[in-house]
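Q: I am new to this structure. Please take one part of it and look at it closely, then show me how the rest is arranged.

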Amino acid sequence: MLFTAAAGLICAVWSARAAMIDEIQVYTDDINEPGEFGLELHVNTTPKGRSTPDFPKEITPHHGLRFTPEFSYGLTREFEAGLYLPYARDAEGTTHFAGPKIRLKWLPLQPNESGQGWFMGANFEYAWVSPEFEQARNAIELRPIIGYRDKDWLFAANPILGWEFGEPNHDGKPDFKPSVKIARYLVPGIALGMEYFAELGKVNNILPQSEQAHTLYFAFDYERKPFEFNVGIGRGLTGATDRWTLKTIIQIPFN
């Protein structure tokens, strides 16, 4: 049943384009304990991607390397705060700071003590963006989180809404960027699966299929604390999408 539901959701969103790809992640039920600090390192690169700028002086993804430390802190059992510091190295080897992001995660529904069951919540982010990466100087993201895990399967979906401020002709309507993750546990703490990310355009003006971005990742998860990581290789499925992207997320013991 879980696999059927997940496949159905992927088909629903199957049918856009980010310049600074600092975080390639589907949010699940991960949350710090109250008073617990966390540190994740997001690293990804685009061996083959878009090289033509969408606007003057834009840093394009082609041959770029992005690395972002993410600091987090557990406020309560249901709330977690975070800070991103994204950097990017362009194809010429110059490193750029893309601007900070702050976030607040709320997870009122969590799996039971055995780590199984449904989870649901939301993540809110506010970003200050460098003009080399986006025409909009400020951005807000609302990321709903819904999913289920048991000893064999993990399923999660993030139907993301994003608002950008300061870009030309901004109409105040959010972009729709759904993402989905399905993983099968081979043994406890080790899983293989697929992750899917799409950018479909404004909620009131979905882009034509040829202009949408769709990327499918084959992903590996290692979840045995204190050292955890996720690695994936992504294939762009449309002409508006970077052809190949490699990504990893490493959780570094902090406390």
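A: What follows starts with a group of charged side chains and then turns to other parts of the chain.

First, the setting. This is a predicted model. The chain has 255 residues, and 48% of them are buried. DSSP runs give one helix and 16 strands. The accessible surface of the chain comes to about 12500 Å². Carbon and sulfur atoms account for 62% of that surface.

Now the close look. The part chosen is a network of salt bridges that links E70, E80, R103 and K105. Side chains of opposite charge can pair when their charged atoms come close. In the whole structure there are 15 salt bridges.

Start with R103. One of its partners is E70, and the closest N and O atoms of this pair are 2.8 Å apart. R103 sits in strand β6 and E70 in strand β2, so the salt bridge ties together parts that lie 33 residues apart in sequence. R103 has a relative accessible area of 7%, so it counts as buried. E70 has 4%, so it is buried too.

R103 also forms a salt bridge with E80. Here the closest N and O atoms are 2.6 Å apart. R103 belongs to strand β6 and E80 to strand β3, so this pair joins parts that are 23 residues apart in sequence. Both R103 and E80 are buried.

Stay with E80. Its place is in strand β3. Its relative accessibility is 3%, under the 20% cut-off, so E80 counts as buried. What surrounds E80, leaving aside its neighbours within four places in sequence? The contacts are I31, N32, S72, Y73, G74, L75, R103, L104 and K105. With N32, the side chain of E80 reaches the backbone nitrogen at 2.6 Å.

Next comes another charged pair. K101 and E125 meet through their side chains in a salt bridge, 3.4 Å from N to O. K101 is in strand β6 and E125 is in strand β7. The two residues are 24 residues apart, and the pair links distant parts of the chain. Is each of K101 and E125 buried or exposed? K101 is buried, and E125 is buried as well.

Now look at the surface. A nonpolar patch there covers about 1100 Å². Its members include Y73, L75 and L104, and these three residues are also contacts of E80. Other patch members are F37, F71, F79, L83, I102, W106, F124, W128 and F254. Which strands supply at least two residues each to the patch? They are β2 (65-74), β3 (79-84), β6 (101-109) and β7 (117-128). Strand β6 gives the largest share, three residues. W128 is one of the patch members, and its place is in strand β7. W128 has a relative accessibility of 39%, so it counts as partly exposed.

Turn from the patch to the interior. In soluble globular proteins, nonpolar side chains tend to be buried together. The largest nonpolar core here has 16 residues. Within it, I24, F119, I145, L154 and F197 touch the most other members. The elements giving two or more residues to this core are β9 (153-165), β10 (175-187) and β11 (190-199). Take I24 as an example. Not counting residues up to four places away in sequence, I24 touches N44, F197, Y217, T245, K247 and I249. A second core is separate and has seven residues, among them I59, A88, A127 and A139.

Two loops round off the tour. D54 is in the loop between β1 (37-48) and β2. Its relative accessible area is 44%, so D54 is partly exposed. How many residues separate D54 and E134 in sequence? They are 80 residues apart in sequence, and their C-alpha atoms are 9.4 Å apart in space. The other loop lies between β14 (213-224) and β15 (227-236), and it holds P226. The peptide bond from K225 to P226 is cis, with omega near 10°.

To sum up, return to the part we began with. R103 in strand β6 pairs with E70 in strand β2, so sequence parts 33 residues apart are tied together. R103 also forms a salt bridge with E80. Together with K105, these residues make up the network. Strand β6 also gives the nonpolar patch its largest share of residues.

How values were computed
Residues numbered from 1 in each chain as written. Predicted model: local features only at pLDDT ≥ 70, side-chain atom pairs only at ≥ 80, totals over all residues. Heavy atoms only, no water. Patch = residues over 30% accessible without salt bridge, like charges linked within 9 Å, V, L, I, M, F, W, Y side chains within 5 Å. Areas by Shrake-Rupley, 256 points an atom, 1.4 Å probe, with all protein chains shown as cover. Salt bridge = Lys/Arg side-chain N within 4 Å of Asp/Glu carboxyl O. Helix = DSSP H or I, 4+ residues; strand = E, 2+ residues; numbered from the N terminus. Buried < 20%, exposed > 50% of the residue type's maximum accessible area, 1.4 Å probe, protein only. Core = buried A, V, L, I, M, F, W, Y, C linked by side-chain atoms within 4.5 Å. Contact = heavy atoms within 4.5 Å. Polar contact = N/O pair within 3.5 Å; in protein donor to acceptor, adjacent residues only side chain to side chain.
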